[in-house]
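Colleague: I am new to this structure and would like to learn how to read it. Could you take me through it slowly, one feature at a time?

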Amino acid sequence: MASLGSVCLLLALAVCVYGIGASLYGVRRGAPAWSDSGRRAVYALAGILTVAFAVLEIAFLRDDFAFNTVADTSSATTPTFYKAAAVWSSQEGSLLLWAWLLSMWSSLVLFLTRRRMRDVAAYATAILLGFGGFFVSLMIFYANPFATTRPAPVEGAGLDPLLRFPTMMIHPPMLYSGYTLCTIPLAFGMGALLARRVDAEWIRAIRRFAFAAWFFLGLGILLGARWSYAELGWGGYWGWDAVENASLMPWLTGTAFLHSLMIQEKRGMLKVWNASLVLATGTLAIMGTFLVRSGVLNSIHAFGGQTLGVPFVCLIGVLIAGSIYLVVTRRDMLRSEHRIDSLLSRESVFLANNVVLVALCFVIFWGTYFPLISEALTGKAASVGPPWFDRYTVPLALILVLLSGVGPVIAWRRATLANARRNFLAPVGIALSTIAVLLLAGVSGKPFALAMFGCAAFVLGCVGQEFVRGVRARRAMAGEAAPVALVALVRRNRRRYGGYIVHVGIAVLFVGVAASSSFQHAVEPTLSVGQSSRVGAYTVHYVRPTATVTPSNDAAHTGATLSLGAVLNVSKHGRHVATLYPSEGYYASDEPSQGSVGSLIGGQPVSHVAMSAGVTRDVWSAVAPNIETPQLKRIVAIGNRTIPFVHPEDALIAVAYLARSYLQHPPPAQFHFIVSPLVMWIWLGGLIVFGGGLIAIWPAPSAMRRRVSVLARGRRARAAQGLARA
Amino acid sequence: MNVLVALVTVALLGAVILLVSAPLRAARRPPDPESVADRAELEAAREAKYREIRDAELDYRTGKLSSEDYAAIDGALRAEAVAILDRLAALGDVVPGDSSRAPQAPSS
Amino acid sequence: MKYFKAMNPARKRTVRLTVALSAAVVLAGALIYTSFSAASPALTPSQLVHQARPGRSYQVTGTVVGGSVHRSGGTLDFSVEDRVGGTVVPVAYTGTVPDPFREGREIIVTVQKQGGAFLGERDSLITKCPSKYKAAPPAAGKQSY
């Protein structure tokens with residue numbers, strides 16, 4: 001079966017090469033049959049890669065350890081769900097996933113545009129097949145998922161226990177969907193520049209593609225943050241790690257693109273910005289993919305052979321050079337049709353929005369790649385930490401939130417003072433009163449957080465005002481009752497009001513970020529049974545230890561041989577708030593040097609966090625039990641000495657004995673407690689963002705028919721114009 | 001096993017070749033006239049123009065456009081929309097009921 | 001300002017663009033400058049031994065030496081050696097220890113030299129993904145500095 005997979009890869013490469021040739025020939029020679037053939041090559045690629053992916057997936061599910069990737073990342077005892085998902089936990093498998101997703105999205109997009117934008121689509125086809133061919137080549141020449149070892153090993157290494165969380169396994173496909181989707185607007189952007197065609201049709205299409213990329217990438221980032229917070233043992237959701245940053249950067253430029261495209265549509269401005277942004281988004285997505293698998297930066301994701309670094313650098317070099325070339329040589333068609341009349345205008349605000357988002361992206365880029373930059377410039381690699389990132393991103397984030405309130409409200413062309421007064425009086429008032437109320441309530445000492453609360457209140461005020469005015473306008477026009485008017489208003493103007501909802505979501509999200517980072521209480525006490533610890537306004541009481549033995553009893557369902565934990569009572573002002581059950585799981589390792597008993601629990605321990613989440617605060621707890629007391633170590637040593645490897649059931653009994661000993665004489669355990677206010681607002685804000693986004697992009701029903709007087713009015717207007725000129 | 005792999009390979013290869021060469025083997029139909037591409041483009045432009053007219057009205061009613069600006073912009077947009085409709089009509093087939101998606105004249 | 005208002009629009013735009021670009025250059029310059037001063041150089045243990053000065057932070061990358069891991073109270077003591085073997089540096093670290101931490105794993109930790117010993121900065125310990133094939137998703141506890 002492995003040979004079938006390898007054959008599929010070779011066939012895929014051939015199809016890519018053919019498709020590129022056919023599409024380019026078709027578009028250069030004006031032979032649409034060849035372009036169609038090229039498009040069908042993409043469909044063929046999707047089909048072939050689906051077969052290849054199925055071969056690999058089946059190998060995992062069947063425990064075919066002849067496949068190197070299966071032997072490396074799965075085992076007979078790994079639960080089935082994780083077996084299926086282990087496909088993409090290795091370098092080779094993840095490359096296949098990337099290529100497969102790319103081929104599927106490309107097929108979908110090219111099918112939907114098969115009758116339109118012929119020239120642009122043909123170039124886009126060639127570019128997308130180029131990416132496909134690149135990834136397939138990587139697999140054929142550097143990291144083949146279908147490499148085998150014969151005779152096949154009897155058992156596999158098993159899935160890293162740290163990956164045995166459902167969100168962990170969904171995270172890569174989600175993120176890869178985001179990354180691969182970013183290449184589609186890139187391809188159509190380059191296609192438009194190559195074909196010298198940028199028009200309403202292209203804008204409509206590319207907006208949808210860019211939105212899909214923005215949506216999935218954003219969802220992937222949010223899920224990653226949520227996973228980091230809820231599953232990993234450090235209690236944070238964002239650490240400015242290289243790979244987090246790598247996924248955020250294209251999302252920022254994608255956001256800028258979606259906004260700035262509106263200006264191009266309405267006033268024919270910012271075309272160079274848009275071309276650059278869409279190309280940058282795709283390039284940053286490829287760079288993000290590269291970062292995660294090249295080990296070029298010191299981050300936890302430093303995996304993958306160094307061999308992959310060179311091809312990626314070449315690809316990125318080609319993308320950057322190509323983008324610059326295209327934008328420079330096509331600058332005549334990217335000329336603005338109008339100019340910015342005044343600094344106080346909607347056009348200006350959108351431009352400022354672009355600038356702030358690009359500035360944010362630049363800061364993050366600089367900080368992320370700094371080790372490489374400093375090494376190139378000074379010969380010594382150095383890295384910057386989160387404090388440096390925070391210093392620059394926080395003020396920029398404040399400005400961004402502020403702009404997201406100003407943008408929807410400010411007038412086009414030029415905002416007069418009277419106009420500004422009318423539009424901004426109420427929101428500014430709301431913002432100032434919010435700050436005043438918070439100060440009076442004792443929320444102080446953190447000026448940035450307070451400023452963010454004020455900005456968020458400003459945004460809510462602006463958006464609320466927009467809704468109120470919109471409903472009022474609708475009622476004036478159609479005489480509906482307020483609730484009906486509201487629904488109709490949103491339905492008829494989805495892009496606008498969906499977008500406003502996204503801004504509300506962003507404001508809520510940043511409130512959550514500001515509150516949880518500025519007003520957090522964290523302690524790391526070592527507690528014996530019966531002791532308590534104060535954390536913020538809460539008291540955490542260590543009631544008693546817990547222990548489970550054997551993988552089938554593992555409360556977290558991850559196959560831990562041994563799990564030691566604690567029962568914690570959380571109370572506030574004497575009243576019981578929650579009971580938490582954090583634990584640490586100990587897994588089997590494949591190191592016989594640890595002994596028959598030791599190897600059952602010698603694998604990488606994984607902390608299982610317990611938290612009480614609430615709208616106003618989260619109480620988060622983790623425990624690191626002390627498994628290395630002399631008494632416990634003695635039990636393991638005796639077990640190692642007396643129990644042979646061939647009797648694993650006896651070794652398990654020894655582990656059970658160890659668990660019982662732990663329960664009877666629990667040593668002090670190290671705990672980590674965090675109380676963070678408003679963390680839930682981050683996830684809620686994210687949901688609002690994505691809900692608003694869906695509203696914005698939802699196609700309007702064709703049942704929106706209204707009487708037309710366009711012709712009549714239009715003729716009259718033209719006549720008036722003609723008269724004026726006479 | 002190898003026989004199976006070989007068979008599947010041949011089948012895949014055949015399917016791919018069939019799929020990819022279909023447009024090339026198809027009876028020489030005349031290439032879509034420019035007008036088809038133009039038509040799609042004009043329809044997209046028309047939808048965009050309608051949306052702009054509606055947006056401009058909403059902007060005016062929510063205080064983002066002064067009434068003089070609005071009158072000027074509205075007139076210009078509607079003129080442009082008429083021009084697009086004319087060009088669509090010139091292409092030969094104005095589908096009845098299209099124009100019913102156009103925005104209503106403002107009651108002001 | 002009156003002079004500015006009296007200018008023709010094209011001139012105004014040029015002035016605005018110049019001001020904006022200058023501001024961008026200044027800010028970028030500030031950013032770049034602070035990054036060099038705020039950064040901790042990334043060193044291997046052998047480089048650390050030769051180059052470390054007291055009071056400055058350094059980021060050490062290396063492998064945890066087998067048998068060197070001891071926990072006493074809230075402190076974790078371990079030794080780091082070069083990936084290729086050689087110089088061994090003892091580190092006393094306080095703070096959260098990521099789950100994958102163990103002997104033989106590659107770690108990154110920010111340290112400061114104090115006297116003859118190296119103190120690990122609080123919560124700065126990162127353990128790298130364990131092995132060559134543990135690819136794709138994040139697989140280790142992350143720490144904030």
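**Reading the salt bridges and the fold**

Modeller: Let us begin with charge pairs, bearing in mind that this is a predicted model. A search of the whole structure finds 20 salt bridges over all chains.

Colleague: What is the general idea behind such a pair?

Modeller: Side chains of opposite charge can pair when their charged atoms come close. In this structure, Glu41(B) and Arg197(A) form a salt bridge, and their closest N and O atoms are 3.4 Å apart. That pair crosses between chains, since Glu41(B) belongs to helix α2 (residues 34-61) of chain B, while Arg197(A) sits in the loop between α7 (166-195) and α8 (200-230) of chain A.

Colleague: How exposed are Glu41(B) and Arg197(A)?

Modeller: Glu41(B) has a relative accessible area of 22% and is therefore partly exposed, and Arg197(A), at 24% relative accessibility, also counts as partly exposed.

Colleague: Which residue of chain B forms a salt bridge with Lys266(A)?

Modeller: The partner is Asp55(B), with the closest N and O atoms 2.9 Å apart. This pair also crosses between chains, running from helix α9 (residues 242-267) of chain A, where Lys266(A) lies, to helix α2 of chain B, where Asp55(B) lies. Lys266(A) is partly exposed, with a relative accessible area of 26%, whereas Asp55(B), at 11% relative accessibility, counts as buried because the cut-off for that word is under 20%.

Colleague: Which residues are linked with Lys266(A) and Asp55(B) in a network of salt bridges?

Modeller: The network links Lys266(A) and Asp55(B) with Arg346(A), Arg496(A) and Asp59(B).

Colleague: Where in chain B do Lys49(B) and Glu52(B) lie?

Modeller: Both are in helix α2 of chain B, three residues apart, which is about one turn of the helix. Lys49(B) forms a salt bridge with Glu52(B), and the closest N and O atoms are 3.9 Å apart. Lys49(B) counts as buried at 14% relative accessibility, and Glu52(B) counts as buried at 11%.

Colleague: Let us turn from charges to single residues. Is Thr125(A) buried or exposed?

Modeller: Thr125(A) counts as buried, because its relative accessibility is 2%. Thr125(A) is part of helix α6 (residues 118-141) of chain A, and, leaving aside its neighbours within four places in sequence, it is in contact with Ser23(A), Gly38(A), Arg39(A), Val42(A) and Leu110(A).

Colleague: Where does Gly595(A) lie?

Modeller: Gly595(A) is in the loop between β8 (583-586) and α18 (598-601) of chain A, and with a relative accessible area of 11% this glycine is buried. Once its neighbours within four places in sequence are left aside, Gly595(A) is in contact with Asn640(A) and Phe645(A).

Colleague: Now the chains as wholes. How many helices and strands does chain A have?

Modeller: Chain A has 22 helices and twelve strands, whereas chain B has three helices and zero strands, following the pattern α-α-α along its sequence.

Colleague: What does the radius of gyration say about chain A?

Modeller: A compact globule with 726 residues would have a radius of gyration near 27 Å, and the 29 Å of chain A agrees with that. Along its principal axes, the C-alpha trace of chain A spans about 110 × 70 × 55 Å.

Colleague: What share of each chain is buried?

Modeller: In chain A, 59% of the 726 residues count as buried, and in chain B buried residues make up 41% of the 108 residues.

Note on methods
Residues numbered from 1 in each chain as written. Chains lettered and ligands numbered in written order. Predicted model: local features only at pLDDT ≥ 70, side-chain atom pairs only at ≥ 80, totals over all residues. Heavy atoms only, no water. Helix = DSSP H or I, 4+ residues; strand = E, 2+ residues; numbered from the N terminus. Rg over C-alpha atoms; globule rule 2.2 N^0.38 Å. Buried < 20%, exposed > 50% of the residue type's maximum accessible area, 1.4 Å probe, protein only. Contact = heavy atoms within 4.5 Å. Salt bridge = Lys/Arg side-chain N within 4 Å of Asp/Glu carboxyl O.
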